[in-house]
Amino acid sequence: EGAIDFQDNSTLLNVRYPTEMLSSLDYVFLWGNSQYDLLKSNINQEDKLIVTGHPRFELLKKKYHSFYESEVTKLKEQYGDFILINTNMGFGNNIRGDDFVISGYGDRFPNIKDLIAFDKNKREKFITLISRLSDEFDDKIILRPHPEENINYYNRFFVDKKNVKLIYEGSVIPWLLASKIMIHPDCTTGVESLLLGKKSISFLPKSHPDLVTKLPVEASYQFDNISSIIAFIKNPTNFSNDIKYEDYPFVDNFFSYYSDSIKNVSTQILTLFPNKGYNLNKLKYKDLFYLKFKSFFSRVNKKDSLSENKLKGFNYSEMKRIDKDCKKLESDFSQNKITKITNKLYLFSNN
């Protein structure tokens, strides 16, 4: 990982890829050249770092939009023209509370209390924004909080707003494609929307730039005033999605946009490990027992609401749907098969 970061572009990377971890790995595939430049000083052997891009972002390109077509159609039929709101206030509206955030993130972010306070400010601004949008437009307003957020906090503000709906589950990509426009503060979805070919709106209170993640804001129309957002949405000429990616150098520097990431990753794996295959039958019994026990325990223990939120929709029927759609999209996938190892663990193989 590592692109959606604060202004210095190194906070998350240096935490997630420290020198002692890099030294124990054979290879690390990176999203872009910018990450390579940031990490190379953390490692003695630069040839361990390989820039491939990531299939997650490759799948946002127009040629793969048909992969999401059935879901997009369903959303449009259900909600018509809708305004999508994505929030990312996981510090100030965390499902586990402020104390958890301070203890869990305090070592990584010395300014964690400032981040919590800023997130709470963003949260209140977005509640006001959604209320105003609900009054100004007949369109549905779909609010999708980040999985780490406490959705119940928002519920009480919109009980009487019939055109406001709160949703947690599912991939955000079909929602982005189906929406009239998407509004976020400084969320990864701002970059994902741009890569899909739809520029979004970033709404932020005036603040110190060191509390804001940089690239999602650069990828978006930027506002700090609700009335200006409403006027912007009411003008249909503002919805031109003719994006010139050369105006956004970060899409290649951080996401290798002009490369074929799927081909890069698969080619590198085959080149680096030509004789390494995986056979489910060779999985040790003790490992299989552990995986099944862990899966069973996670289903019985319902206390981890954060994991539940993040894994909604990650089930066998959804994996089979993805496998089916892949086979329609690419003939190379025709021989693929999917095997369920345990709950939330699936093996895709080509025999």
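S193 is found in helix α10 of this predicted model. S193 is buried, with a relative accessible area of 3%, because buried means under 20% relative accessible area. Leaving aside residues up to four places away in sequence, S193 touches L176, M182, K198, K199 and S200. One of these contacts, M182, belongs to strand β6.

The helix that holds S193 is part of a larger arrangement. Strand β6, helix α10 (residues 188-196) and strand β7 make a β-α-β unit, and this unit is right-handed. The two strands of the unit run parallel and are joined by 2 bridges. Across this pairing, H184 stands opposite S202 in β7.

Strand β6 also pairs with strand β3 (residues 82-86), again in the parallel sense, over 3 bridges. Here I181 of β6 is the bridge partner of I83. The pairings of β6 are set out below.

| Partner of β6 | Residues of partner | Sense | Bridges | 
|---|---|---|---|
| β3 | 82-86 | parallel | 3 |
| β7 | 201-203 | parallel | 2 |

Which way do the side chains of β6 point? I181 and I183 point one way, while M182 and H184 point the other way. In a regular strand the side chains alternate between the two faces of the sheet. Residues on both sides of β6 are buried: I181 and I183 as well as M182 and H184.

I243 lies in a loop, between α12 (226-234) and α13 (250-253). Is I243 buried or exposed? I243 has a relative accessibility of 17% and therefore counts as buried, since the cut-off for buried is under 20%. Not counting residues up to four places away in sequence, the residues touched by I243 are L194, G197, K198, K199 and Y248. K198 and K199 are among the residues that S193 touches, and I243 touches them too. L194, another contact of I243, falls within the 188-196 range of helix α10. I243 is 30 residues from F273 in sequence, and their C-alpha atoms are 39 Å apart in space.

A helix pair elsewhere in the chain can be described in similar detail. Helix α6 (residues 98-105) packs against helix α7 (residues 112-136) at an angle of about 140 degrees, and their axes are 10 Å apart. The crossing of α6 past α7 is right-handed. On the α6 side the contact is made by D98, V101, I102 and Y105, and on the α7 side by I112, K113, I116 and K120. Sorted by class, this contact has 5 nonpolar and 3 charged residues, with no polar ones.

Note on methods. Residues are numbered from 1 along each chain as its sequence is written. This is a predicted model: local features need pLDDT of at least 70, side-chain atom pairs count only at pLDDT 80 or more; totals for chains, interfaces and linings use all residues. Side-chain values use heavy atoms; hydrogens and water are left out. Buried means under 20% relative accessible area, exposed over 50%, partly exposed in between (1.4 Å probe, protein chains only). Helices (H or I, at least four residues) and strands (E, at least two) are DSSP runs, numbered from the N terminus. Two strands pair if DSSP finds at least two bridges between them. A crossover is right-handed if, with the strands pointing away from the viewer, the path from the first strand over the helix to the second runs clockwise. Axes are lines fitted to C-alpha atoms, for helices over the stretch in contact, and angles run from 0 to 180 degrees between N-to-C directions. A crossing is left-handed if the near helix is turned anticlockwise from the far one by less than a right angle, and right-handed if clockwise. Contact means heavy atoms within 4.5 Å. Ala, Val, Leu, Ile, Met, Phe, Trp, Tyr, Cys and Pro count as nonpolar, Asp, Glu, Lys and Arg as charged, and the others, Gly among them, as polar.
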